[in-house]
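Hi there,

Here is the structure I promised to send over. Have a look at it first, and then read on for my notes.

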Amino acid sequence: MEQFDVLIIGGGAAGLGAGLYSSRAMLKTMVIEKIGFGGQILVTDEIENYPGFPKGIKGPELSRMMEEQTRRFGAELKYEEVVAVEQLDRPLKIVHTSENSYCAKTIIIASGGSHKKLGVPGEEDYSGKGVSYCAICDANFFRGEEVIVVGGGDAALDEGSYLTGIVEKVTVIHRRDQLRASKILQERALANPKMDLLLNHVVEEFRGTDLMDRVLTKNLKTGKSYEFPATGAFIYIGFIPNSGFLKGVLPTDDLGHINSDIQMRTSIPGIFVCGDVRTHSERQLGSAVGDGITAALAAYHYISGD
Ligand code: NAP
């Protein structure tokens, strides 16, 4: 069985950041990725909030550059799917993929997660052309425009409130007559003159031409559907961390995020976690890279015994 110092599960920004640091520290490193190196940035059109690119950069381009930089210092990058892990409490931990098995002194979990989708017509077509899952990333593209937020939880109101600092108006569309969000966020939303609530409504379709310019909504009380003008739609109906393959192995919060300390150490020595799969992640590109670097340094200290 091939042996590594550091085995990183997930090749998004956090995993590639971790791989860069651990391979440059001369640790034998492998990054295993299931779909595409770059992760969420690979499917992001324009990135304007990552330092070092004052004019912004296309997500696929940044992914390619991050991948190349991580390979440059000797990290092995492989396309395989991790299906199970075992012997995590032993000095050599084992990772099984769909094709191989590997052992490693340390494992860094950087498996990310995915935003829940509404699954209605137009959502995929207008993704990046009006439909977004990240207000902090994309709000500036809608400066001075009217947008909607879908969802009634903390994330919807928190991100909706952030949007009101940038866009002209935010309408939160929620499927019930009661919001799920905490009372304090509800009070702030009601007091915010730039935020409206449209309760008992669902979005049935995203519409437009090249870019989205309206949504088809349905009033669940009356059963009537009508078009609602909006150039942006921010979907906040939940986030699913990719931690299923670790079920019962590592402690998680109720939603499946893996708990860690500030150095990205989990409760098992030699196992680290970084990026969106981690509890309390900021879910930002910059913070994911920072998490990955912290995890790689923690793995380095663990291996060197200091
Ligand atoms: P959440 O609390 O699970 O809320 C998801 C919202 O989306 C709910 O209002 C839900 O409606 C709605 N929803 C789910 N599926 C839907 C669908 N198919 N169509 C329409 N609406 C749908 O998720 P979250 O807001 O992402 O928050 C996740 C966790 O992070 C929570 O523990 C939250 O407290 C925490 N968080 C906290 C903060 C903060 O404290 N500032 C900020 C962000 C997140 P129903 O209510 O009808 O189920």
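Below is what turned up, grouped by topic.

First, a word of caution: this is a predicted model.

**Salt bridges**

The count comes to 14 salt bridges. Glu2 and Lys28 form one of them, with their closest N and O atoms 3.6 Å apart. That pair links distant parts of the chain, since Glu2 sits in strand β1 (residues 2–9) and Lys28 in the loop between α1 (13–24) and β2 (29–33), 26 residues apart. Both ends are partly exposed: Glu2 has a relative accessibility of 32%, and Lys28 has 38%.

A second long-range pair is Asp196 with Lys169, whose side chains meet in a salt bridge at 3.1 Å, N to O. Here strand β13, which holds Asp196, is linked to strand β12, which holds Lys169, and the two residues are 27 apart in sequence. Asp196 is partly exposed at 33% relative accessible area, and Lys169 is partly exposed at 27%.

For a local example, go to helix α2 (residues 59–72), where Glu68 and Arg64 are four residues apart and therefore separated by about one helical turn. Their side chains meet in a salt bridge of 3.0 Å, N to O. Arg64 is partly exposed, with a relative accessible area of 41%.

There is also a network of salt bridges, which links Glu205, Arg207, Asp213, Arg214 and Glu227.

**Aromatic pairs**

How many aromatic pairs does the structure hold? There are five. One of them is Tyr50 with Phe53: the ring centres are 6.3 Å apart and the planes meet at 20°, so this pair is stacked. Tyr50 counts as buried because its relative accessibility is 18%, under the 20% limit. Phe53, with a relative accessible area of 24%, is partly exposed.

Phe272 and Tyr302 make another pair, with centres 6.3 Å apart and planes at 75°, so this one is edge-to-face. Phe272 belongs to strand β19 (residues 271–273) and Tyr302 to helix α6 (residues 285–304), so the pair ties together parts that are 30 residues apart in sequence. Phe272 is buried, at 2% relative accessibility, whereas Tyr302 is partly exposed, at 36%.

**A charged patch on the surface**

Lys116, Arg175, Arg176 and Arg180 gather on the surface in a patch of positive charge. Among them, Arg175 lies in the loop between β12 (169–173) and α5 (183–191). Is Arg175 buried or exposed? Its relative accessibility is 59%, so Arg175 counts as exposed, the limit being over 50%.

**Two loop positions**

Asn192 is found in the loop between α5 and β13 (195–198). Asn192 counts as buried, with 15% relative accessibility. Between the C-alpha atoms of Asn192 and Gly223 there are 29 Å in space, and the two residues are 31 apart along the chain.

Thr252 is placed in the loop between β18 (239–241) and β19, and at 36% relative accessibility Thr252 is partly exposed. From Thr252 to Val277 the C-alpha distance is 9.7 Å, across 25 residues of sequence.

Happy to go through any of this with you over coffee.

Best wishes

Notes. Residues are numbered from 1 along each chain as its sequence is written. This is a predicted model: local features need pLDDT of at least 70, side-chain atom pairs count only at pLDDT 80 or more; totals for chains, interfaces and linings use all residues. Side-chain values use heavy atoms; hydrogens and water are left out. Patches are made of residues with over 30% relative accessible area and no salt bridge: like charges are joined within 9 Å, nonpolar side chains (Val, Leu, Ile, Met, Phe, Trp, Tyr) within 5 Å. Accessible areas come from the Shrake-Rupley method with a 1.4 Å probe; for residues, only the protein chains shown count as cover. A salt bridge is a side-chain nitrogen of Lys or Arg within 4 Å of a carboxyl oxygen of Asp or Glu. Lys and Arg count as positive and Asp and Glu as negative; His and the chain ends are not counted. The place of a charge is taken as NZ of Lys, CZ of Arg, CG of Asp or CD of Glu. Buried means under 20% relative accessible area, exposed over 50%, partly exposed in between (1.4 Å probe, protein chains only). Rings of Phe, Tyr and Trp (its six-membered ring) pair if their centres lie within 6.5 Å; planes under 30 degrees apart count as stacked, over 60 as edge-to-face and the rest as tilted.
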